[in-house]
Amino acid sequence: MKSHTISPLTFLTTLTFLTPLTLSAAELVVASGGLTPQGALEKIRAAKAAGDASAWTVRVKPGVYALDRTLLFTPGDSGTPQAPVTWVGEKGAVISGGAPLAGWKDTGKGWWSAPAPRGADGKPVYFEQLWVNGRRANRARLPNSGYFNVAKPEISPRAGTSSFTEHLVVTNGVKELAALAPDEMPYAQMCVVHKWSFARRVLRGFDPATGTVETWSPKDWTRWQKWNTRETLVCFENVRSAFDAPGEWFYDVKAGEVLYRPRPNDKLDKLQAIAPSAKLSRLVEFKGEPDAGRYVHDIAFKGLTFAASDATAPDGTKGPTEAWQHQAAIGYDGLVTAEGVQRLSWENCTVRNTGNYAFRFNDGCTSNRIVHCMLEDLGAGGVWMGAQGGYVAAGEKLTRRVIKRLAPRSTAFNEISDCTIRQGGRFNPEGTGVALTHVSDSKVLHCDIYDFFYTGVSMGWTWGFQGSVAQRNEVAFNRIYGLGKGIMSDMGGVYTLGTSFGTWVHDNVIHDVKSYSYGGWALYTDEGSEGIVMERNLCWNTTDGGFHQHYGTGCIIRNNVFAWNRTLGAVRMARQVVQDIPCTLHFVNNIVVVREGPLVGRGPRGVGGIWAANLWYDYSGRPELDGLDWEAWAKCGKEVGGVYADPQFEDPERNDFRLKPTSPALALGFKPWDAKSAGPRR
């Protein structure tokens, strides 16, 4: 195969003389002051429209390439398996959705200021995130750390609208909120964390005499009334009176300025402050047409950095974000967003500084790969993958059965491997490390997933026993840790929801999952989980337990280690019968140890299935299993062949859970494995 290298200056001339039969490979160079990423995309598009079938390479030289609109790929931009389109970034090549702020000056008041950027209409462009010298700056926040509590929530319809008025009492922040100027309230936000949910509300009023905050809700947030507000936390952002800590910034609406309090090592003449450009939430987008069978396909990205995109505005406005989110930041785009794509890949790429997910794959995404990538400083989560619905092939129904035939809009056969996914939930703490929703036959392998406020890996998106396409997914050899951080609740290192026949969760290391009120679990099979195997997972130091099944049937939990789990029980099952379907569980050959809290929480004795050959031990000497001591538990018929004994770990105080040769667990059939195999392969 003969190769032709085409520079940006000679591209059009060369194309005139080379036919698709003779042009086998072609190259473009993106460089500062030369061809732009958008220009390269358009040149390849023009060539393909003219019949070119070459393997194209776009080499991106070091530099920051700022976009003022989304880089949009359509089916006509595709390659083929034999002649793909490849974008290769040299070290330091960054495609950015950010705009630098210029004109910084020292006010002499302890902070620096710069004019807010102006839009095409001449008005200041509002934004909610700022990166200074490569790191996310904290927006002026009240309180600086932690949260306030609320009480006495009241909600009522707003006349003539579809929204509602909310009134709630801030129980311990009255003094601080009283300093908030009324004309700055529309640009201050109340951030609400409630169990697994999060919302942003614009302040409409505040009564310092009663401590009552007024906000408007896009829809009836009945959870205020249904759930105990003890589990609700609030803080306030972009509040002038809270602009008091180094590294904080404040959007001064009155002056049309951005204010920043410098950190000790910041230099005014070297300050690099980047704001998202014009609410650009999708920096790169792939838009295929799966219903028509037209996909974007065979495009690869290597060594590129994608950075600085804003959060999705669910209400479509350019002003302060005001929205109720449901769970796992479901409404957020990805900095890279795709629909109707096949055989796309990202290798050794970095995605950072986004208000969204790093990647979002929607309907009709198959056989795509994210490999050896770094995803960090994420406003929401790492990767959201899954169609918008449980699509099945024509003539089939979504029921509790194995689903093998895919529909045009099915999302399946994707892989996320050897990636580091960290620092998530910085704008919406619901963000999940990886979410596999209506997706099948996909893998999350050998990743590091840590520093999130919510779940590490979430799978399935149907509630109850109604059937799901989320089948045959594999989550294996990952290190998942540092979750929850005592802020959100009802989460897991690996979380499943609904029917998931053939799904396999194995050889993961999961630790340090800390919830606010309840639900810091390592492995969590939630409503309707069934057909899942979880084995050879090493789990320790979680708020509530190593394993929790809300309700489900036919799941197999075997050959795992659950250690240092507290509060609700190292192992727990909440419900026995749902929708007239008996709940079951096969819990076999596991090692469960605690030093505080029960070994088994309330409930499992009424659940069917097999519990056999498990080893149990309480280092405090006070074992409790579903309200029973060990002798009563051993006689109740639930556990077959299990023992209560010291498992003889090598060094449990240092979380070294390797077994000594004399461990009684080995006699029960427990099979050790090398936990060091988890994590990215370098």
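These are a few informal notes on the cores, pockets, cavities and some single residues of this predicted model.

1. **The nonpolar cores.** A good place to begin is the inside. The largest nonpolar core has 115 residues, and the ones that touch the most other members are Trp87, Phe286, Phe306, Trp346 and Trp616. There is also a second, separate core, made of 19 residues, with Phe148, Val192, Phe206 and Val213 among them. As background, nonpolar side chains in soluble globular proteins tend to be buried together.

2. **The largest pocket.** Next, the open spaces. The volume of the largest pocket is about 790 Å³. Its lining counts 32 residues, and if you want to find the centre on screen, look for Arg136, Asn138, Arg141, Glu237 and Arg426, which lie nearest to it. Five strands give two or more residues each to this lining: S11 (135-136), S12 (138-139), S17 (197-207), S19 (232-237) and S20 (248-252). Sorted by class, the lining residues of the largest pocket are 15 nonpolar, seven polar and 10 charged.

3. **The second largest pocket.** This one has a volume of about 390 Å³. It is lined by 18 residues, and Leu538, Arg658, Trp673, Ala675 and Lys676 are the closest to its centre. Strands S47 (509-513), S50 (538-542) and S65 (656-659) each bring at least two residues to the lining. The largest share comes from S65, with four residues. By class, you get 11 nonpolar, two polar and five charged residues around the second largest pocket.

4. **The closed cavities.** How many cavities of 30 Å³ or more are there? The count is three. The largest cavity has a volume of about 60 Å³. Around it you will find Tyr391, Ile403, Leu406, Ser410, Thr411, His438, Val439, Ser440, Val469 and Arg472. That lining splits into five nonpolar residues, four polar ones and one charged one.

5. **Asn478, a residue to zoom in on.** Asn478 sits in the loop between strand S43 (474-476) and strand S44 (479-483). Is Asn478 buried or exposed? Its relative accessible area is 0%, so Asn478 counts as buried, the cut-off being under 20%. Setting aside neighbours within four places in sequence, Asn478 is in contact with Val444, Leu445, His446, Cys447, Asp507, Asn508, Val509, Ala678 and Gly679. Its side chain also has polar partners: it reaches the backbone oxygen of Val444 at 3.0 Å, and the backbone oxygen of Ala476 lies 3.1 Å from one of its polar atoms. For a sense of folding back, try Gly456: it is 22 residues from Asn478 in sequence, with 10.0 Å between the two C-alpha atoms.

6. **Asp418, another loop residue.** Look in the loop between strand S36 (415-417) and strand S37 (420-422) and you will find Asp418. Asp418 is buried because its relative accessible area is 6%, which is under 20%. Beyond its neighbours within four places in sequence, Asp418 is in contact with His372, Cys373, Leu445, His446, Cys447, Pro680 and Arg681. Compare that with the list for Asn478, where Leu445, His446 and Cys447 are also among the contacts.

7. **A cis peptide bond.** Which two residues are joined by a cis peptide bond, with omega about -5 degrees? The pair is Leu142 and Pro143. Pro143 belongs to the loop between strand S13 (141-142) and strand S14 (148-157). It is worth a look because most peptide bonds are trans, and most residues other than glycine have a negative phi. The second half of that leads to the next point.

8. **Two positive phi values.** Asn348 is not a glycine, yet its phi is positive, near 55 degrees. Asn348 is placed in the loop between strand S28 (341-347) and strand S29 (350-354). With a relative accessible area of 46%, Asn348 is partly exposed. Asp451, also not a glycine, has a positive phi of about 65 degrees. Here the setting is a strand, S41, which covers residues 448-452. Asp451 has a relative accessible area of 17%, so it falls under the 20% cut-off and is buried.

Note on methods. Residues numbered from 1 in each chain as written. Predicted model: local features only at pLDDT ≥ 70, side-chain atom pairs only at ≥ 80, totals over all residues. Heavy atoms only, no water. 1 Å grid on protein atoms, 1.4 Å probe; cavity = no way out; pocket = protein on both sides within 12 Å on 5 of 7 lines; lining within 4 Å. Points joined across faces, edges and corners; volume = space filled by probe spheres on them. Nonpolar A, V, L, I, M, F, W, Y, C, P; charged D, E, K, R; others polar. Core = buried A, V, L, I, M, F, W, Y, C linked by side-chain atoms within 4.5 Å. Buried < 20%, exposed > 50% of the residue type's maximum accessible area, 1.4 Å probe, protein only. Contact = heavy atoms within 4.5 Å. Polar contact = N/O pair within 3.5 Å; in protein donor to acceptor, adjacent residues only side chain to side chain.
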